[in-house]
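Work through the following exercises with the coordinates open, and try each task before reading its solution.

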Amino acid sequence: MKRAIVVGAACLVLLPGVFVGVPAYVENDLNRVLEAPLPPPSERAVALHQKLLVADLHADSLLWNRDLLGRASRGHADLPRLREGNVALQGLGLVTKTPRGQNIESNDDSTDNILLLSLVQLWPPRTWLSLKERALYQAAKLHDLAARSDGGLTIIRTGVELRAFLERRARDPSVVATFLGVEGAHALEGEVQNVDALFEAGVRMMSPAHFFDTDMGGSAHGVERGGLTGKGREMIRRMEARKMLVDLAHASHQAVDDVLAMATRPVLVSHTGVKGTCDNNRNLSDEHLRAIARTGGVVGVGLWETATCGTDARAVARAMRHVANVVGVQHVGLGTDFDGAVTTPFDVSGLVHVTDALLAEGFSDEEIAQIMGGNILRVLQEQLP
């Protein structure tokens with residue numbers, strides 16, 4: 001992540017209030033919202049947005065030391081703000097390791113920001129040296145949140161649970177559902193059988209790599225940026241057998257090719273941009289968009305500048321338009337990366353601005369309903385166990 005995490009760890013021995021102050025400082029530094037005032041959304045957008053079933057494939061909110069049941073003054077997402085943004089389903093990523101000075105060009109695995117963050121946030125000792133335990137700890141945090149939410153927050157693990165939730169949501173728009181993904185198969189600690197432990201914890205989506213190459217596959221931001229390894233291919237087969245969804249976010253170009261060559265089920269990209277509007281090695285080519293669409297998958301377009309080469313909702317809508325033009329609107333989704341150490345134009349309560357930008361881009365109400373949640377909900381209902 002950034003210098004703030006290193007500073008926070010050093011403060012452990014210096015400040016008695018470090019365990020309260022440093023996590024808040026770190027998150028304020030990393031999860032920013034642009035301060036420029038936004039024009040109010042159009043009346044048409046507000047009316048349409050309230051009718052939508054909004055689904056977002058990716059946020060990293062479980063990483064941070066906040067009670068997500070209460071409205072926070074920092075970060076991007078929590079239950080009150082999800083409700084304000086009319087979000088029905090929020091995908092939550094489990095982050096287990098990131099490199100110091102992370103960037104989209106080249107990173108190795110020799111440093112570990114999340115160890116430092118786990119210390120200042122008082123995570124249990126079992127998480128300090130185990131990436132799998134970090135994932136399981138964050139998953140347990142979500143289960144605790146759901147148990148304490150008095151039914152306001154629910155975890156989706158099966159297609160049956162999702163359909164039941166949607167029936168409930170039709171009666172009570174205040175309820176919110178979540179599902180779990182893992183950012184990078186380094187959380188498996190080199191053991192493919194650990195897919196089963198993550199599945200039992202509720203994880204239903206995982207990517208081969210995050211910001212560095214792993215023993216399962218290459219990262220777009222790694223050193224070698226190779227394809228799937230033998231273990232990686234075994235991981236994909238095991239995930240498909242458990243009806244877990246493969247996520248290609250952050251995967252190297254070769255790893256994307258390798259996954260798509262062997263996939264027998266729809267493949268997702270939980271949070272990304274596209275080269276057609278923002279050309280960098282983090283984002284997807286038109287060729288990869290077409291291959292993902294052939295699996296029946298969905299591409300979640302993000303809100304941060306590296307994804308869209310812009311700092312407003314219009315840039316997001318332009319990227320979504322590009323995906324729709326290349327492969328069809330049925331393959332476009334939302335993948336905000338809220339709370340993912342990114343700066344966004346608004347927090348989750350402001351997602352109506354994306355709806356407004358999609359209207360300005362010329363999408364119909366029906367197409368916007370697909371993009372803002374319908375496509376993701378369709379794939380999950382069809383593919384979850």
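The exercises below concern a predicted model, and each task is followed by a solution in steps.

**Exercise 1. The nonpolar cores**

Task: Determine which residues of the largest nonpolar core touch the most other members, and which helix gives the most to this core.

Solution: Begin with the membership of the largest nonpolar core, which holds 83 residues, and rank these by how many other members they touch; M235, L248, M320, L351 and L358 touch the most. Next, assign the members to elements: helix α13, residues 313–327, gives the most to this core, with 8 residues. Then set this core apart from another one, of 20 residues, which includes L89, V175, V298 and L380. Finally, take L358 as an example and leave aside its neighbours within four places in sequence; the residues in contact with L358 are then A317, M320, F363, I368, I371 and M372.

**Exercise 2. The surroundings of α14**

Task: Decide whether helix α14 is largely enclosed or largely open, and find the elements against which its buried residues pack.

Solution: First apply the cut-off for burial, which is under 20% relative accessible area. By this criterion 8 of the 9 residues of α14, which spans residues 352–360, are buried, so the helix is largely enclosed by the rest of the structure. The buried residues are V352, H353, V354, T355, D356, A357, L358 and L359. In the next step, look for their packing partners, which are α3 (43–49), α13 and α15 (365–383). To finish, follow the backbone just past α14, where G362 takes a positive phi of about 100 degrees.

**Exercise 3. A disulfide between two loops**

Task: Find how many disulfides the structure holds, and work out what parts the pair C278 and C309 ties together.

Solution: A search of the whole structure finds 1 disulfide, and this joins C278 to C309 with a distance of 2.1 Å from S to S. The angle about the S-S bond is 70 degrees, and the link of C278 and C309 is right-handed. Now place the two cysteines: C278 is in the loop between β8 (268–272) and α11 (286–294), while C309 is in the loop between α12 (305–308) and α13, so the pair ties together parts that are 31 residues apart in sequence. The accessibilities come next, for C278 counts as buried at 1% relative accessibility, whereas C309, at 49%, counts as partly exposed. A last look at the backbone of C309 gives a phi near 55 degrees, a positive value in a residue other than glycine.

**Exercise 4. A polar side chain and a cavity**

Task: Establish whether S61 is buried or exposed, and identify the polar contact that its side chain makes.

Solution: Locate S61 in the loop between β2 (54–59) and α4 (79–84), and note that it counts as buried, at 3% relative accessibility. Its side chain makes a polar contact with the side chain of D339, at 2.6 Å. Neighbours within four places in sequence left aside, S61 is in contact with L68, A77, L92, F338 and D339.

Then turn to the cavities of 30 Å³ or more, of which the structure holds 3. The largest cavity contains about 100 Å³ of space, and of the 13 residues lining it, L68, D78, L79, L82 and L92 are the closest to its centre. The elements that give two or more residues to this lining are α4, β3 (87–95) and α6 (131–148).

**Exercise 5. Two residues in loops**

Task: Describe the surroundings of P208, and find the sign of phi at N86.

Solution: P208 is placed in the loop between β6 (203–206) and α9 (230–241), and at 0% relative accessibility it counts as buried. With neighbours within four places in sequence left aside, P208 is in contact with G184, A185, T214, M216, G217, L228, M235, D247 and V259. Although P208 and G218 are 10 residues apart in sequence, their C-alpha atoms are 7.4 Å apart in space. For the second part, find N86 in the loop between α4 and β3; N86 has a positive phi of about 60 degrees although it is not a glycine, and with a relative accessible area of 5% N86 is buried.

How values were computed. Residues numbered from 1 in each chain as written. Predicted model: local features only at pLDDT ≥ 70, side-chain atom pairs only at ≥ 80, totals over all residues. Heavy atoms only, no water. Core = buried A, V, L, I, M, F, W, Y, C linked by side-chain atoms within 4.5 Å. Buried < 20%, exposed > 50% of the residue type's maximum accessible area, 1.4 Å probe, protein only. Helix = DSSP H or I, 4+ residues; strand = E, 2+ residues; numbered from the N terminus. Contact = heavy atoms within 4.5 Å. Disulfide = S-S within 2.5 Å. Polar contact = N/O pair within 3.5 Å; in protein donor to acceptor, adjacent residues only side chain to side chain. 1 Å grid on protein atoms, 1.4 Å probe; cavity = no way out; pocket = protein on both sides within 12 Å on 5 of 7 lines; lining within 4 Å. Points joined across faces, edges and corners; volume = space filled by probe spheres on them.
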